[in-house]
Amino acid sequence: MNYLKHFGLRELPFGITPDTSYFFACRSIQEALNTLLIAVSNGEGFIKITGEVGTGKTLLCRKFLSTLGPGWVSAYIPNPNLEPRVVLLALAEELGVPGESIGAHRLEKELTQRLLDIARQGKRVVLCMDETQAMPLATLESVRLLTNLETEKRKLMQVVLFGQPELDRKLASASVRQLRQRITFQYTLKALARHEVADYVAHRLTIAGYSGPALFTDGALKAIHLASRGVPRLVNILAHKSLLLAYGEGARRAERRQVRAAIDDTPSANIPWWWWKAA
């Protein structure tokens with residue numbers, strides 16, 4: 001691809017698909033990862049991670065799962081907007097339990113037996129559920145009931161809930177107050193700070209194979225930070241579009257005017273008109 005050759009890149013640096021090879025340990029993400037690792041080592045309860053759209057919840061989840069050692073058995077459900085039985089079937093599949101052709105009671109019994117078998121092997125189970133703000137309350141309750149299973153020392157399964165801020169409103173419902181009381185650790189992801197945006201962009205360029213002088217001027221990076229509000233997904237979109245525009249002009253780096261054009265083409269990004277005038 002001429003774009004890659006023009007900038008000396010091995011691959012596209014600003015994709016929006018979560019890729020753990022591009023994991024950037026900014027302060028908020030690192031604190032969230034530390035919280036997860038401490039929480040699961042503690043051995044009980046639910047863990048909740050919330051953040052606005054595009055702040056890196058899914059990438060954090062994948063990084064967390066990849067960090068777990070051989071003493072863990074992990075399960076991942078990316079779309080829990082499902083009825084209770086369907087979620088239990090998804091969990092059964094993740095844990096290697098054949099459950100398609102059996103009834104609800106038998107399914108729960110088989111899951112229980114599998115969790116006990118894993119515990120006897122000296123291993124722990126952690127279930128990560130993404131986008132849980134969309135999960136029906138009945139499904140949340142069915143997951144809670146599964147976590148009632150425990151040995152004398154610890155729970156047989158821990159659950160990490162990843163979701164947008166709407167998850168907090170859902171958990172405020174009286175019908176899931178028992179689950180809410182079991183959330184022992186929680187963390188809210190924050191956006192990237194101004195200096196972190198510059199480091200984040202440089203990090204992704206390095207991973208993509210770039211080793212030359214800065215591809216973005218200071219003014220361009222400041223505009224990206226303001227327009228994206230530090231949301232990593234928006235930073236990626238704006239940086240990618242800005243480089244495309246620079247490439248189209250035959251330029252070797254992106255300046256503020258390319259970023260402005262990228263912002264105009266991105267509905268979720270904006271900067272007040274007066275900032276451009278002052279800048």
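Let's start small: the second largest cavity holds about 30 Å³ of space. Keep in mind as you look around that this is a predicted model. Lining that little void are Gly 45, Phe 46, Thr 147, Lys 155, Met 157, Gln 158 and Arg 182. Sorted by class, they come out as two nonpolar, three polar and two charged residues.

How many cavities of 30 Å³ or more turn up in the whole structure? The search finds two, and the largest cavity has about 40 Å³ of space. Around the largest cavity you'll find Gly 43, Arg 124, Val 125, Arg 154, Lys 155, Leu 156, Met 157 and Gln 158. If Lys 155, Met 157 and Gln 158 ring a bell, that's fair: they line the largest cavity and the second largest cavity as well. Strand S3 (124-129) and strand S4 (157-163) each put at least two residues into the lining of the largest cavity. By class, that lining has three nonpolar, two polar and three charged residues.

Now for the pockets. The largest pocket has a volume of about 400 Å³. It is lined by 25 residues, and the ones closest to its centre are Gly 54, Thr 55, Gly 56, Lys 57 and Leu 59. Three helices chip in with at least two lining residues each: H3 (57-67), H9 (194-207) and H11 (232-248). What's the chemical mix of the lining? Twelve of its residues are nonpolar, eight are polar and five are charged.

Helix H9 then takes you on to the second largest pocket, where H9 gives the most to the lining, with five residues. This pocket contains about 150 Å³ of space. Among the residues around it are Ala 198, Val 201, Ala 202, Leu 205 and Thr 206, and further along the chain Tyr 210, Pro 213, Phe 216 and Leu 221. The lining here splits into ten nonpolar and two polar residues, with no charged ones.

Last stop: Gln 258, in helix H12 (residues 256-264). Is this residue buried or exposed? Gln 258 counts as buried because its relative accessibility is 2%, and the cut-off for buried is under 20%. So who is Gln 258 touching, once you set aside its neighbours within four places in sequence? Its contacts are Ser 242, Leu 245, Ala 246, Glu 249, Ala 251 and Arg 253. Ser 242, Leu 245 and Ala 246 from that list fall within the residue range of H11 (232-248), one of the helices you met at the largest pocket.

Notes
Residues are numbered from 1 along each chain as its sequence is written. This is a predicted model: local features need pLDDT of at least 70, side-chain atom pairs count only at pLDDT 80 or more; totals for chains, interfaces and linings use all residues. Side-chain values use heavy atoms; hydrogens and water are left out. Helices (H or I, at least four residues) and strands (E, at least two) are DSSP runs, numbered from the N terminus. Buried means under 20% relative accessible area, exposed over 50%, partly exposed in between (1.4 Å probe, protein chains only). Contact means heavy atoms within 4.5 Å. On a 1 Å grid over the protein atoms alone, a cavity is a set of points where a 1.4 Å probe fits but cannot get out, and a pocket is an open set with protein on both sides within 12 Å along at least five of seven lines; lining residues have an atom within 4 Å of a point. Grid points are joined across faces, edges and corners, and a volume is the space filled by probe spheres set on the points. Ala, Val, Leu, Ile, Met, Phe, Trp, Tyr, Cys and Pro count as nonpolar, Asp, Glu, Lys and Arg as charged, and the others, Gly among them, as polar.
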